[in-house]
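I am opening a new notebook page for a chain that I have not looked at before. I want to begin with its overall build and then go inside.

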Amino acid sequence: MNSLALARSRLARPRRLPLPGTAHGAAFGTIVLNEARLARRQPFPIIGSIALPVVVMIIFGEIPSSGQVVSALGGLTLFDVYLPVIMVLGLTMLTLLGLPGPLVSYRELGVLRRLSTTPVPPSWLLAAQVVVQFCVALAGLLIVNVVSVTAFGAADPKSPAGLALSSLLAIGGLFALGLLVAAVAPTSGSVNAIGRLALIPLLFFAGLWLPRALMPTVLQDVSNYTPLGAAVEAIQDSMQTGFPPARPLLVLVAYAVVFAVAARRFFRWE
């Protein structure tokens, strides 16, 4: 009886033949290029993660009072306070809409299931999406920083290493959140619903509507332990004072680990 069940399972799931060792890199590179072409044909996530932050930054930069020092903001200008928020705004749009959408669509269309019968593991498609979106995220952060310095006279970051580390940890924590959304969203339409529901509280605690320095103490404490609040704190410290303290960095690491483990646990291939 056990032998019969084993035989049936082997027939139901064809054994995947391994690729030659030298072909692994070329095959994965081809998948990444294909995913990049598909992302270019559906540019909304790219627009949301790059163009939107730049437009918001231009609007803030053109406000006459945005360059004035405000004592209630810790001696910073309004532009200085909102620049890290604008940076994580692009990452959030990419995380909640750009990353999970294609993965859920592939699952709906049976692409991941069909890949399981080929020499290419389905996980490569997920990894290729992460690589493409990671490049978009880095491009968005770089563009916002360059434009802020060259066009609006923002100061160079006090700690470039701290800014790089904070940005990478923010990407890691938020991308893990995006993979968790892809794991639990049943349809591609539900991705937008989940993303929009999560977007408002995340951006609120990041300080988009009310700067974190002006929040009541209770809200500040909550913000410090949210993904975007910790990201804004770490990035702002890197830009204004120096290397960020350990707490926001550890919060981002914790979110990356927890979300990644949950995404791995709940992700369905079909």
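I take buried to mean under 20% relative accessible area, exposed over 50% and partly exposed in between, with a 1.4 Å probe and protein chains only. By that rule I find that 46% of the 270 residues of the protein chain count as buried.

I note that this is a predicted model, in which local features need pLDDT of at least 70 and side-chain atom pairs count only at pLDDT 80 or more, while totals for chains, interfaces and linings use all residues. Residues are numbered from 1 along each chain as its sequence is written, and side-chain values use heavy atoms, with hydrogens and water left out.

Next I looked up the secondary structure, taking helices (H or I, at least four residues) and strands (E, at least two) as DSSP runs numbered from the N terminus, and I found 12 helices and 2 strands. Along its principal axes the C-alpha trace spans about 75 × 35 × 30 Å.

Then I turned to the nonpolar cores, each a set of buried Ala, Val, Leu, Ile, Met, Phe, Trp, Tyr and Cys residues joined through side-chain atoms within 4.5 Å. The largest has 48 residues, and those with the most contacts (heavy atoms within 4.5 Å) inside it are M87, V88, L91 and L228. Helix 4 gives the most to this core, with 13 residues.

Which residues does V88 touch, not counting those up to four places away in sequence? I list A206, L228, A231, V232 and I235. I also recorded a second, separate core of 19 residues, which includes A27, L103, L112 and L125.
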